[in-house]
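I am opening a fresh page for this structure, and I mean to write down what I looked up in the order in which I looked it up.

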Amino acid sequence: MRMRRGRLGIVLSIFFVCFLMLRYKGYSSQIYRLLYATFDTVYSYDQSRPHFCCTVFQGGLGNLLFQYAFSYSIAKDRNLTLLVSKDELGQLQQVFQIPNTSFDERGHRVCRYSKKYEDKFDVGYDSSILAVSNNTDLHFEGYFQSWVYWRDYDDDLRQQIQFHPQVLTQAKRLLAEALGSLGKISREVTLVGIHVRRGDMITNDYFKNYGYNVADEKYLATAMKYIRDRVKGDIVYVVCSNDMVWTKKAIKDPNAVFINGTKREYDMAALTLCDHFIMTVGTFGWWTGFLARGIIIYYDMPFRPGTPLAKNWASDYKETFFYPGWIGMR
């Protein structure tokens, strides 16, 4: 019903403009400029205006980064004006040196009422989402969790997704304090970051029933051993988690330090400063791995087969979600 009313409004607006132009020939240009400045419908049909790319931003820090990277690549590829609201972009700019995009309020209104495209699944590459029209506004909704969407702009995004200096300063301070508790300094040891996501995935009934999986002690032990067997010298494990009680029981290595109770951006920055990284599940860990260096290990069973969540993962997720060169284990 709303769509029919919207189309009717467009038709009536066009007829109204034509009527006025015919009725008042001497004032047609002035009337058009007035309507252009007043009605978004008239503006939307202007062939000389820029075309826009807008995406519904939703979720936590990791989800927002995926949505931004996808939107940035689409806008660059199609020569569109990228629109991200101040509130949405501000969440990322508090942490990273991402430049401003257009805050064209009129463009936002026009773009948000254009045809919306949604991904078939949230995790992995959906090629059909790119089979969209050129020379038009593009409105997207989804999570778009695949590096494949923006593989041609990887270098651009790495330049933008850099921590602000004050975030890095705080992260380095946390690392120094943690290492100091062991009587060590960073240049004398190899740092292995570990991020353990559990928390809501264990306690929230929706997440459990939907099919989320979490890494167990066996996975952590296997991943830690893999790196230990390949690194010479002293190793310190730098551990962040949203379930520190369980994590401290699971990781009993005497050279493990636990960073707890800090802001999420400080945790992420501290983990990216390590020499190698072990993630469990979640997009926070994914982006930490993307920004990290060295050996990157991921848990390769992030969902339970046959669950609703499993349907939201592409069949080739190990190739199109996890980044090339990362090592999967369970």
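**Entry 1: two helices that cross**

I began with the way α4 and α5 cross, and I noted that this crossing is left-handed. I should record at once that what I have in front of me is a predicted model.

Which residues make the contact between the two helices? From α4 I listed Leu61, Leu64, Leu65 and Tyr68, and from α5 I listed Leu89, Gln91 and Leu92. Sorting the residues of this contact by kind, I found 6 nonpolar, 1 polar and no charged.

I then looked up the geometry, and I wrote that α4, which covers residues 61–78, and α5, which covers residues 86–93, pack at an angle of about 115° with their axes 10 Å apart. The range for roughly perpendicular runs from 65 to 115 degrees, and therefore α4 counts as roughly perpendicular to α5.

**Entry 2: the whole chain**

Stepping back, I counted 15 helices and 10 strands in the chain. Of its 330 residues, 51% are buried. I also looked at contacts with a separation of 6 or more, and 68% of these are between residues 24 or more positions apart.

**Entry 3: a strand covered on both sides**

Next I turned to strand β9, residues 296–299, and asked whether its faces are buried or exposed. Both faces are covered, since Ile296 and Tyr298 on one side are buried, and so are Ile297 and Tyr299 on the other. I reminded myself that in a regular strand the side chains alternate between the two faces of the sheet.

I also looked for a partner of β9, and found that strand β8, residues 276–278, pairs with β9 in the parallel sense over 2 bridges. In one of my notes on this pair, Phe277 has Ile296 of β9 as its bridge partner.

**Entry 4: two residues with positive phi**

Finally I checked backbone angles, keeping in mind that most residues other than glycine have a negative phi. Asn79 has a positive phi, near 55°, although this residue is not a glycine. I located Asn79 in the loop between α4 and β2, the latter being residues 81–83.

Phe144 is also a residue other than glycine with a positive phi, in this case near 50°. I found Phe144 in the loop that runs between β4 (138–141) and α7 (154–160).

Is each of these loop residues buried or exposed? Asn79 is exposed, with a relative accessible area of 71%, whereas Phe144 is buried, with a relative accessible area of 0%.

Technical notes. Residues are numbered from 1 along each chain as its sequence is written. This is a predicted model: local features need pLDDT of at least 70, side-chain atom pairs count only at pLDDT 80 or more; totals for chains, interfaces and linings use all residues. Side-chain values use heavy atoms; hydrogens and water are left out. Axes are lines fitted to C-alpha atoms, for helices over the stretch in contact, and angles run from 0 to 180 degrees between N-to-C directions. Helices (H or I, at least four residues) and strands (E, at least two) are DSSP runs, numbered from the N terminus. Angles under 35 degrees count as roughly parallel, over 145 as roughly antiparallel, 65 to 115 as roughly perpendicular and the rest as oblique. A crossing is left-handed if the near helix is turned anticlockwise from the far one by less than a right angle, and right-handed if clockwise. Contact means heavy atoms within 4.5 Å. Ala, Val, Leu, Ile, Met, Phe, Trp, Tyr, Cys and Pro count as nonpolar, Asp, Glu, Lys and Arg as charged, and the others, Gly among them, as polar. Buried means under 20% relative accessible area, exposed over 50%, partly exposed in between (1.4 Å probe, protein chains only). Two strands pair if DSSP finds at least two bridges between them.
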